[in-house]
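Reader: I've got this model open at the bench and would like a proper tour of one part of it. Pick a buried spot, please, and work outward from there.

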Amino acid sequence: MVTIEKIQDTTLKTILVLSKLSLSAYLLADHIIWFGKSGVIRTDTKVWMPISARFWLISILFNLIRNICDIYQIFLQSRILQQIKMDIKNTELEKCDKTCEQKLQKIPVLIDTLKNLADITLPLSTLGCIQ
């Protein structure tokens, strides 16, 4: 697992931190809603539901931005790999193919992007932006 300390890109670090902060705010608001509905505390859940949905939407948007950054990095790596293939000998090319192509297999990024695109409809629906 990659920790935030191992990431060198400050933009990516900022996106990840903001995503986690908004997710934390969403979970806090969602727990307040749950406590209000279960009768543990007295609160107006109708006020907290849009707040919760906004933070959830912000978290998903930051995750989508991170996915776009990841896809862009994959694109750059594949372009560099194509340039390297043109410049090196065939014997070295086979070694590079195996290691570089393993790094380029980013199926989880695609799956995460699709999940985030599907999830974005849920808070939008709660906020009344789509029906």
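Author: T45 counts as buried because its relative accessible area is 17%, and the cut-off for buried is under 20% (exposed is over 50%, partly exposed lies in between, with a 1.4 Å probe and protein chains only). Before we wander off, keep in mind that this is a predicted model, where local features need pLDDT of at least 70 and side-chain atom pairs count only at pLDDT 80 or more, while totals for chains, interfaces and linings use all residues. Numbering runs from 1 along each chain as its sequence is written, and side-chain values use heavy atoms, with hydrogens and water left out.

T45 sits in helix 2. Helices here are DSSP runs of H or I with at least four residues, strands are E runs of at least two, and both are numbered from the N terminus. What does T45 touch? Setting aside its neighbours within four places in sequence, T45 is in contact with I33, G36 and K37, where contact means heavy atoms within 4.5 Å.

Two of those partners, I33 and G36, turn up among the buried residues of helix 1. The rest of that buried set is L12, I15, L16, S19, S22, Y26, A29 and I32. Helix 1 also passes a simple length check: its 29 residues should span 42 Å at 1.5 Å a residue, and its end C-alpha atoms are 42 Å apart, so the two values agree. The expected span is 1.5 Å times one less than the number of residues. Just after helix 1 comes G39, with a positive phi of about 90°.

Now follow helix 2 to another of its residues, I65. Unlike the buried T45, I65 is partly exposed, because its relative accessible area is 37%. I65 and T113 are 48 residues apart in sequence, yet their C-alpha atoms are 9.4 Å apart in space. There's a similar pairing for L64 and K115: 51 residues separate them in sequence, with 9.5 Å from C-alpha to C-alpha.

K115 takes us over to helix 4, which covers residues 107–119. K115 is partly exposed, since its relative accessible area is 40%. D112 has its place in helix 4 too, but D112 is buried, because its relative accessible area is 18%. Which residues does D112 contact? Leaving out neighbours within four places in sequence, they are R66 and N67.

Step back, and what is the overall pattern? Along the sequence it reads α-α-α-α-α, with five helices and zero strands. Of the contacts with a separation of 6 or more, 64% join residues 24 or more positions apart. The protein has 131 residues, and 24% of them count as buried. As for the outside, the protein exposes about 9,800 Å², with carbon and sulfur atoms supplying 63% of that. Those areas come from the Shrake-Rupley method with a 1.4 Å probe, and for residues only the protein chains shown count as cover.

So if you click through it yourself, try going from T45 to its contacts I33, G36 and K37, and then from D112 to R66 and N67.
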